[in-house]
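Trainee: Could we go through this model together, setting each label against the rule behind it?
Mentor: Yes, let us look at the structure and then reason step by step.

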Amino acid sequence: MAILTKAIVENSVVVSAIESKDIVNRAIKIHDLSPVAAAAMGRALTMAALMGKEFKNKDDYLTAVIDGKGPLGKITVCADGDGHVKGDIENPAVETAIKSNGHLDVGGAVGCDGTLTVIKNIGLGHPYVGTSRLVSGEIAQDFAYYFADSEQQPCGVTLGVGLNKLRCKSAGGVWVRVMPDCPQEIIDRVETVMYAMDEMSYQFDGSTAEQVIRRFFGEFDLVITESAEVSYKCNCGKRKIDAIVRSLGKDEALQIADEMGFVEVCCHFCGKKYTYDRQAVEKLFK
Ligand SMILES: [Zn+2]
């Protein structure tokens with residue numbers, strides 16, 4: 001279970017943090033991720049969790065697609081206003097490269113010749129869609145640039161995933177947003193703190209989100225405003241999958257059922273398999 005904590009600093013800066021190890025480990029298990037895929041997807045899921053907490057309604061949800069044209073292919077992450085995240089990645093088994101500083105080459109695997117698109121459904125009848133170019137493919141910088149460029153929201157984002165072979169041993173992220181009336185002196189102090197925020201996976205190793213916030217912002221006037229659970233959970237179900245099988249068309253679906261003995265649909269987000277025999281397919285098209 002991951003815990004997300006929010007705080008207000010000096011009455012003029014919003015800080016959200018999440019300790020997300022369990023979310024990353026669930027993604028590794030479902031998608032059989034290579035280490036570099038786990039780092040990239042884990043960072044993206046951590047950011048989606050932070051963004052989902054901003055929704056006012058439980059049914060609100062967002063989808064973020066990172067399409068860097070690198071070996072990992074498209075990474076898709078979703079979050080709702082009820083503390084759930086899920087994700088999908090095109091090429092989960094991509095071989096891991098190490099940079100000269102010993103870190104995983106996440107930017108190289110994601111690629112940076114592409115876009116980050118965020119789609120938000122907040123019950124308006126039409127989704128809000130924002131797109132920005134990728135800066136580095138390292139995920140945190142890409143989201144920070146997206147907020148500044150597409151949502152006119154200057155902010156700092158730092159995300160980290162630490163791995164021990166094929167398990168995540170620590171992961172987390174911090175998202176810092178300055179309110180419009182924030183004094184320049186506070187902005188300068190917060191920026192100094194943000195520069196010191198590296199090696200995020202170590203910061204969250206054995207520490208809660210609240211402890212990480214207090215570690216960095218303990219010198220400031222700090223008020224913890226809320227803490228909430230976030231988990232990796234898919235909302236697929238028979239009704240959604242029925243619609244996918246129907247979209248094949250009756251002839252195609254029956255042909256697959258006859259050739260294979262059944263129609264099988266596997267959910268990309270959780271790996272759950274739904275099977276339909278010929279009789280079940282016929283029933284769908286009645
Ligand atoms: Zn699913």
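**The zinc site and the cysteines**

Mentor: In this predicted model, the zinc ion is coordinated at 2.2 to 2.3 Å by the SG atoms of Cys234, Cys236, Cys267 and Cys270.

Trainee: What makes the arrangement around the zinc ion tetrahedral?

Mentor: Four donors count as tetrahedral if all angles lie between 85 and 135 degrees, and because the four donor atoms here subtend angles of 104 to 116 degrees, the arrangement is tetrahedral.

Trainee: How are the donor residues spaced in sequence, and which parts does the pair Cys234 and Cys270 tie together?

Mentor: The spacing of the donor residues is C-x1-C-x30-C-x2-C. Cys234 lies in the loop between strand E10 (222–232) and helix H8 (238–247), whereas Cys270 lies in the loop between strand E11 (263–266) and strand E12 (273–276), so the pair ties together parts that are 36 residues apart in sequence.

Trainee: Why is Cys234 called buried, and Cys270 partly exposed?

Mentor: Buried means under 20% relative accessible area; Cys234 has 18% and therefore counts as buried, while Cys270, at 21%, is partly exposed.

Trainee: How do you know that Cys78 is in no disulfide?

Mentor: A disulfide needs two cysteine sulfur atoms within 2.5 Å, and by this rule the count comes to zero disulfides. For Cys78 the nearest cysteine sulfur, that of Cys234, is 8.6 Å away. Cys78 itself counts as buried, at 10% relative accessibility.

Key. Residues are numbered from 1 along each chain as its sequence is written. This is a predicted model: local features need pLDDT of at least 70, side-chain atom pairs count only at pLDDT 80 or more; totals for chains, interfaces and linings use all residues. Side-chain values use heavy atoms; hydrogens and water are left out. Buried means under 20% relative accessible area, exposed over 50%, partly exposed in between (1.4 Å probe, protein chains only). Donors are N, O and S atoms within 2.8 Å of the metal (3.2 Å for Na, K and Ca); water is not among the atoms, so sites may look incomplete. Four donors count as tetrahedral if all angles lie between 85 and 135 degrees; four count as square planar and six as octahedral if opposite donors are over 155 degrees apart and all others between 65 and 115; anything else is irregular. Helices (H or I, at least four residues) and strands (E, at least two) are DSSP runs, numbered from the N terminus.
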